[in-house]
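Take a look at the model below. Keep it in view as you read.

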Amino acid sequence: MPVEIYYNLASPPSRAVLLLAKTLKIVPALHLVDILKGEQFNPDFTELNPQHTVPVLIDEGFIITESQASLIYLADIYDESKSVYPEDVEQTAVIHQRLYFNVGTIMRRLLGAYIMPVIFENKRKVDDENLTMLEEAFNTLNIYLDGQNWVAGDQITIADFSLIASVSTAEAVGFPVSKYPNVMAWLDRCKSTMTGYKEINQEGCDLMAQVYKAKMHSN
């Protein structure tokens with residue numbers, strides 16, 4: 001059976017997993033979950049993931065419901081070269097730190113500043129407190145990227161796939177990524193080198209931007 005991925009392109013974690021799958025030449029069976037219509041609360045999906053979130057990865061009946069765990073799993077199982085998830089203990093520790101930094105800091109603050117208030121709470125206004133914290137997080141990421149091409153060192157790793165989905169989403173909803181030169185250079189590098197970037201990540205960012213703008217200008 002092929003790997004299965006339940007996803008929505010507007011979801012940054014979904015795009016991270018799909019981008020890595022594309023890079024590793026995995027051809028998954030895809031199942032679109034319409035989050036805005038509430039399909040994540042359908043009984044069949046709830047049985048797969050009681051957290052009601054995407055992506056969900058299924059491989060030979062084994063179910064993973066967290067994107068960062070899915071990235072690690074796919075790299076462990078399908079990357080024979082071990083290039084995107086090296087076995088060196090210290091490098092792996094840096095990769096894990098960047099994964100946690102994305103989920104616990106970048107993505108959390110992006111959700112708090114832009115996504116939750118505008119898309120799900122219909123406030124039509126960015127949350128200023130979370131925006132300030134998001135700016136601090138991007139400054140930290142800018143420091144991490146000082147003197148290196150990728151977020152965890154000199155080669156692309158699963159940490160880049162995790163963070164690119166969040167950073168590009170921030171750009172799509174209007175966050176001034178260009179204020180952070182190292183982050184902007186890395187973002188451009190990802191756009192030009194990641195396999196499937198345009199049809200997976202850019203399409204998802206465009207979708208998110210459309211939804212965000214529609215909510216911001218709704219009556």
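This report goes through the sheet, some unusual loop residues, and then the helices.

This is a predicted model: local features need pLDDT of at least 70, side-chain atom pairs count only at pLDDT 80 or more, and totals for chains, interfaces and linings use all residues. Residues are numbered from 1 along each chain as its sequence is written, and side-chain values use heavy atoms, leaving out hydrogens and water.

**The sheet**

Helices and strands here are DSSP runs, numbered from the N terminus: helices are H or I with at least four residues, strands are E with at least two. Two strands pair if DSSP finds at least two bridges between them. In general, strands of a sheet pair through backbone hydrogen bonds, either parallel or antiparallel.

Start with the open sheet. Its 4 strands follow the order 2-1-3-4, and the pairing is mixed. Strand 2 (29-32) and strand 4 (62-64) form the edges, each pairing on one side only. From one strand to the next, the twist averages 15°. Angles run from 0 to 180 degrees between N-to-C directions, with axes as lines fitted to C-alpha atoms, for helices over the stretch in contact.

Strand 1 (residues 4-7) pairs with strand 2 in the parallel sense, over 4 bridges. Ile5 has Leu30 in strand 2 as its bridge partner. Helix 1 (residues 12-23) packs on the sheet and touches strand 1 and strand 2. Its direction makes about 150° with that of strand 1. Contact means heavy atoms within 4.5 Å. Helix 3 (residues 67-78) lies across strand 3 (56-59) and strand 4, and runs at about 30° to strand 3.

**Loop residues**

Two residues that are not glycine have a positive phi. For accessibility, buried means under 20% relative accessible area, exposed over 50%, and partly exposed in between (1.4 Å probe, protein chains only).

| Residue | Phi | Loop | Relative accessible area |
|---|---|---|---|
| His52 | about 60° | between helix 2 and strand 3 | 27%, partly exposed |
| Glu60 | near 55° | between strand 3 and strand 4 | 56%, exposed |

Pro55 is also in the loop between helix 2 (43-48) and strand 3. The peptide bond from Val54 to Pro55 is cis, with omega near 5°.

**The helices**

Now move along the chain. An unreviewed UniProt entry places the feature "domain: GST C-terminal" at residues 88-211. UniProt positions use the numbering given here, feature names are shortened, and annotations may be inferred rather than shown by experiment. This span is 74% helix and 0% strand, and its end C-alpha atoms lie 41 Å apart.

Asn102 sits in helix 4 (residues 89-120). Is Asn102 buried or exposed? Asn102 is buried, at 3% relative accessible area. Beyond its neighbours within four places in sequence, Asn102 contacts Gln68, Met107, Arg108, Ser162, Leu163 and Ser166.

Helix 7 (residues 181-193) has 13 residues, which should span 18 Å at 1.5 Å a residue. The expected span is 1.5 Å times one less than the number of residues. The end C-alpha atoms of helix 7 are 18 Å apart, which agrees.

Which residues of helix 7 are buried? They are Val183, Met184, Trp186, Leu187 and Cys190. These cover an arc of only 165° around the axis, so they lie on the same side of helix 7. The arc is that of the directions from the helix axis to the C-beta atoms. The buried residues of helix 7 pack against helix 5 (128-144), helix 6 (158-172) and helix 8 (197-216). The face turned away from the buried side of helix 7 carries the exposed residues Pro181 and Ser192.
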